[in-house]
Amino acid sequence: MRTALLIWFIFINAVGYLIMSEDKRRARNRRDRVPERTLFLLAAIGGALGVLIAMYRKRHKTRHLSFRIGIPLLLFVNAVLYAFFMS
């Protein structure tokens with residue numbers, strides 16, 4: 001179970017980072033954007049760390065209060081759940 005959870009953690013955070021980066025690229029090019037609901041869903045299912053890193057590394061969505069509060073909150077929830085399932 002630990003191995004599967006570790007693989008999931010790496011996978012979903014990489015996806016979260018890449019999707020957030022892609023949304024930033026689309027924003028710069030004035031193209032169709034990734035819905036905020038999708039970004040929050042990725043964070044909620046375990047990818048909050050990847051989304052948070054991309055958020056500050058790419059300087060994307062950092063002015064949105066819902067992201068500044070919501071993503072760190074989801075990261076905390078993710079950490080608690082990962083710790084629970086790893087023990």
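Trainee: What does the side chain of S21 have 2.9 Å away?

Mentor: The backbone oxygen of Y17: a polar atom of the S21 side chain lies 2.9 Å from that oxygen. Keep in mind that this is a predicted model.

Trainee: Noted. Where does S21 sit, and is S21 buried or exposed?

Mentor: S21 is part of helix α1. Its relative accessibility is 16%, so S21 counts as buried, the cut-off being under 20%.

Trainee: Which residues further off in sequence does S21 touch?

Mentor: Setting aside neighbours within four places in sequence, S21 is in contact with A54 and K58.

Trainee: Let's look at the whole of α1. Why can I trust its length as a helix?

Mentor: Try the arithmetic. Helix α1 covers residues 2–28, which is 27 residues, and at 1.5 Å a residue they should span 39 Å. The C-alpha atoms at the two ends are 39 Å apart, so expectation and model agree.

Trainee: Nice. Which residues of α1 are buried?

Mentor: L5, I12, N13, G16, M20, S21, D23 and K24.

Trainee: And what do the buried ones pack against?

Mentor: They pack against α2 and α3.

Trainee: What happens to the backbone just after α1?

Mentor: R30 comes up there, with a positive phi of about 55°.

Trainee: And R31, where is that?

Mentor: R31 is in the loop between α1 and α2. With a relative accessible area of 45%, R31 is partly exposed. Beyond four places in sequence, R31 touches R25 and R26.

Trainee: What about V34, buried or exposed?

Mentor: V34 is in the loop between α1 and α2 too, and at 12% relative accessibility V34 counts as buried.

Trainee: What does V34 touch?

Mentor: Not counting residues up to four places away, V34 touches I19, D23, R26 and L39. As for I19, the C-alpha atoms of V34 and I19 are separated by 7.8 Å, with their positions 15 residues apart along the chain.

Trainee: Changing topic: how are two packed helices described?

Mentor: By the angle between their axes and the distance between those axes.

Trainee: OK, what are those values for α2 and α3?

Mentor: The two pack at an angle of about 100°, and their axes are 8 Å apart. That makes α2 roughly perpendicular to α3.

Trainee: What kinds of residues make up that contact?

Mentor: The contact of α2 with α3 has 16 nonpolar, 5 polar and 2 charged residues.

Trainee: Now the loop between α2 and α3. Where do those helices start and stop?

Mentor: α2 runs 36–57 and α3 runs 65–86, and H60 lies in the loop between them.

Trainee: H60 in a loop, then. Is H60 buried or exposed?

Mentor: Buried: the relative accessibility of H60 is 5%, so H60 falls under the 20% cut-off.

Trainee: Does H60 have a polar partner, and which residue is it?

Mentor: The partner is D23: the side chains of H60 and D23 make a polar contact at 2.6 Å. D23 is also one of the buried residues of α1.

Trainee: What else does H60 touch?

Mentor: Leaving out residues up to four places away, H60 touches M20, D23, K24, A27, R33 and M55. Among them, M20 and K24 are buried residues of α1.

Trainee: And R59, what is its phi?

Mentor: Phi of R59 is near 55°, a positive value in a residue other than glycine. R59 is found in the loop between α2 and α3. R59 is exposed, with a relative accessible area of 68%.

Trainee: One more, K61. What is its phi, and is K61 buried or exposed?

Mentor: K61 has a positive phi as well, near 70°, and K61 is not a glycine. K61 lies in the loop between α2 and α3 and counts as buried at 10% relative accessibility.

Methods. Residues are numbered from 1 along each chain as its sequence is written. This is a predicted model: local features need pLDDT of at least 70, side-chain atom pairs count only at pLDDT 80 or more; totals for chains, interfaces and linings use all residues. Side-chain values use heavy atoms; hydrogens and water are left out. Helices (H or I, at least four residues) and strands (E, at least two) are DSSP runs, numbered from the N terminus. Buried means under 20% relative accessible area, exposed over 50%, partly exposed in between (1.4 Å probe, protein chains only). A polar contact is a pair of N or O atoms within 3.5 Å; within protein, one must be able to donate a hydrogen and the other to accept it, and residues adjacent in sequence count only if both atoms are side-chain atoms. Contact means heavy atoms within 4.5 Å. The expected span of a helix is 1.5 Å times one less than its number of residues. Axes are lines fitted to C-alpha atoms, for helices over the stretch in contact, and angles run from 0 to 180 degrees between N-to-C directions. Angles under 35 degrees count as roughly parallel, over 145 as roughly antiparallel, 65 to 115 as roughly perpendicular and the rest as oblique. Ala, Val, Leu, Ile, Met, Phe, Trp, Tyr, Cys and Pro count as nonpolar, Asp, Glu, Lys and Arg as charged, and the others, Gly among them, as polar.
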